[in-house]
Amino acid sequence: MDAASSSLALSNMKLPGSSNILNSDHRISMLCSLPKSCVSFCCKSSGNLQVRDKSTGLVVSCSSSNGHRDVMQGLHLPGLIEKRNRLGQAFCSVGTFTVGEFALESHSQAVDEKVGVLLLNLGGPETLDDVQPFLYNLFADPDIIRLPRLFRFLQEPLAKLISTFRAPKSKEGYASIGGGSPLRKITDEQAQALKMALEEKNISANVYVGMRYWYPFTEEAIQQIKRDGITRLVVLPLYPQYSISTTGSSIRVLEKMFREDAYLSTLPVSVVKSWYQREGYIKSMADLIQGELKNFANPQEVMIFFSAHGVPVSYVDNAGDPYRDEMEGCIYLIMQELKARGIGNEHTLAYQSRVGPVQWLKPYTDEVLVDLGKKGIKSLLAVPVSFVSEHIETLEEIDMEYKHLALESGIENWGRVPALNCKSSFILDLADAVIEALPSATALSPHTTSTDADDHNLFQYAIKLLFGSVLAFTLLLSPKAFLAFRNNFL
Ligand SMILES: C=CC1=C(C)c2cc3[nH]c(cc4nc(cc5[nH]c(cc1n2)c(C)c5CCC(=O)O)C(CCC(=O)O)=C4C)c(C)c3C=C
Ligand SMILES: [Fe+2]
């Protein structure tokens, strides 16, 4: 078979429907431009067939909906040794072939390939002493407090001030849920469960946890990935919907690290930016809702109340954050799934957890609860929807504050859907998301050196110090400014 007919064979194959994988034309044109000597392919349990240029990491990926046999036959590769699982699906094929001028080599998972999965999450304070430094890290993030470029030098002094003012209130919240955030423990459990789910699907992978604002920091996870010599990485944020303030912020940190490091800048990486539309996730959420509805005396009368973490409205209106659109799309899909199961309850979406003086996405959860009470709604099921683990905003804000407010407002029967945590259908779906993302891994960014950046940083540091001191003095000397500032962050 010559190069033209091998690409013709590939063009006849079925291609995965996932939106974050390149389209067929692109793949096939990439295949045609690959250097002759360095094409390899490996087939995996998922039914994916990869064709990869070893030197550039570019991947052409195809899959067969009914196992590998058609794909293999399509390629006309005599001498292929296939292993089959109990269902008779091919899951492993080993052999080396010469197809025209292309040398093709095939394995179940390329022998020299070390797959890594990096789970991104927010992180949370583990003790009450961690609260203020955790808040400092959060508010020092330019994706959380978005200052105009000219005022960026104020970021760190402002973070110091806001974290100090906010800490007492936050500490009360964390104290009421046992003295710290459960996020690290749950995320570690999810990582372990994902590793096992991938193993069940014949993918051996190291799964890492990288938190944005507390331990284990993303930077630590990346150092471990380097030490382990990972050769292909899937980045999977544990936020179903994309926001500049969550996934966007973590990816910005990663891109910076990858730019500045020779090894990382060539590492093939695939980022799953958002995954709220995945069938496995939608069905898992619908399962949880369906299960909780059964606890009510009259399940069909219950208002399904989706409560999402808010973001300032300017993120969506001015900065193009797709968060609100993705959230609304997500709720639509969950409700469609429930309808398909014969569950036609009324539902509503509101946004919680606003902080600071600016406008956040509306309607606000607390206001909607009061309105629903006034309108005579008697039974309500709260569904936290922007996050996949229990955390302070489910355990304290929803379970305590909002429940209290709802009952006070006339709602008589209250329920809350648990977070997905390690629910098996959800973890299996994450494993599929990883497997689907693997073939499209490519280098994130070109390597750059940083001598100029270092000089610039020193200059910026001096300016920050100067203006930070001016801000602190102004606030200290002006009781009015001090009070306005404090009231907005308490
Ligand atoms: C999709 C989830 C989240 C978005 C969007 C988000 C935006 C966002 N958050 C703050 C401020 C705070 N968030 C805090 C805690 C916190 N936030 C999320 C998720 C999202 N945040 C989680 C999961 C957690 C809790 C972690 C835990 O410890 O359990 C906090 C600290 C707690 C508190 O004092 O309320 C703050 C502050 C902003 C400003 C923002 C968007 C700009
Ligand atoms: Fe938050």
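Biologist: Let's start with Tyr351. Which strand is the place of Tyr351 in?

Modeller: Keep in mind that we're looking at a predicted model. Tyr351 has its place in residues 347-352, and that stretch is strand β12.

Biologist: Is Tyr351 buried or exposed?

Modeller: Its relative accessible area comes to 3%. Buried means under 20%, so Tyr351, at 3%, is buried.

Biologist: And which residues is Tyr351 in contact with, leaving aside its neighbours within four places in sequence?

Modeller: There's quite a list to go through. One part of it is Ala308, His309 and Gly310, and another is Tyr323, Arg324 and Met327. The list finishes with Leu361, Lys362, Pro363, Tyr364 and Thr365.

Biologist: How far apart are the C-alpha atoms of Tyr351 and Thr247?

Modeller: Along the chain, Tyr351 and Thr247 are 104 residues apart. In space, their C-alpha atoms are separated by 18 Å.

Biologist: Pro363 was among those contacts. Is the peptide bond from Lys362 to Pro363 cis or trans?

Modeller: Pro363 sits in the loop between β12 and α13. For the bond from Lys362 to Pro363, omega is near 0°. That bond is cis.

Biologist: Where is Pro216, and what is omega for the peptide bond from Tyr215 to Pro216?

Modeller: You'll find Pro216 in the loop between β8 and α7. The bond from Tyr215 to Pro216 is cis, with omega near -10°.

Biologist: On to strand β13. How many of its six residues are buried?

Modeller: Take one side of β13: Ser379, Leu381 and Val383 are buried there. On the other side, Leu380, Ala382 and Pro384 are buried too, so both faces are covered. The strand is largely enclosed by the rest of the structure because the number of buried residues is six of the six.

Biologist: In which sense does β13 pair with β11 and with β14?

Modeller: With β11, there are five bridges, and Ser307 has Pro384 as its partner in β13. With β14, there are four bridges, and Leu381 has Gly415 as its partner. Both pairings are described by one word: parallel.

Biologist: Now for ligand 1. Which element gives the largest share of the shell around it?

Modeller: The shell has 29 residues. Helices α4, α5, α8 and α14 each supply at least two of them. The largest share is four residues, and it comes from α4.

Biologist: By class, how many residues of that shell are nonpolar?

Modeller: Two residues of the shell are charged, and 10 are polar. The nonpolar ones number 17.

Biologist: How far is an oxygen atom of ligand 1 from an N or O atom in the side chain of Ser170?

Modeller: Ser170 is listed with the closest residues, along with Arg166, Tyr174, Ser181 and His309. For Tyr174 the distance from a ligand oxygen to a side-chain N or O atom is 2.4 Å, and for Ser181 it is 3.0 Å. For Ser170 it is 2.3 Å.

Biologist: What percentage of the accessible area of ligand 1 does the protein cover?

Modeller: On its own, ligand 1 has 790 Å² of accessible area. The part covered by the protein is 96%.

Biologist: One last thing: is Asn202 buried, partly exposed or exposed?

Modeller: Asn202 is in the loop between α6 and β8, and its phi is near 65°, a positive value in a residue other than glycine. Its relative accessibility is 39%. Exposed means over 50% and buried under 20%, so Asn202 counts as partly exposed.

Methods:
Residues are numbered from 1 along each chain as its sequence is written. Chains are lettered from A and ligands numbered from 1 in the order in which they are written. This is a predicted model: local features need pLDDT of at least 70, side-chain atom pairs count only at pLDDT 80 or more; totals for chains, interfaces and linings use all residues. Side-chain values use heavy atoms; hydrogens and water are left out. A residue is near a molecule or strand if one of its heavy atoms lies within 4 Å of it. A polar contact is a pair of N or O atoms within 3.5 Å; within protein, one must be able to donate a hydrogen and the other to accept it, and residues adjacent in sequence count only if both atoms are side-chain atoms. Accessible areas come from the Shrake-Rupley method with a 1.4 Å probe; for residues, only the protein chains shown count as cover. Helices (H or I, at least four residues) and strands (E, at least two) are DSSP runs, numbered from the N terminus. Ala, Val, Leu, Ile, Met, Phe, Trp, Tyr, Cys and Pro count as nonpolar, Asp, Glu, Lys and Arg as charged, and the others, Gly among them, as polar. Buried means under 20% relative accessible area, exposed over 50%, partly exposed in between (1.4 Å probe, protein chains only). Contact means heavy atoms within 4.5 Å. Two strands pair if DSSP finds at least two bridges between them.
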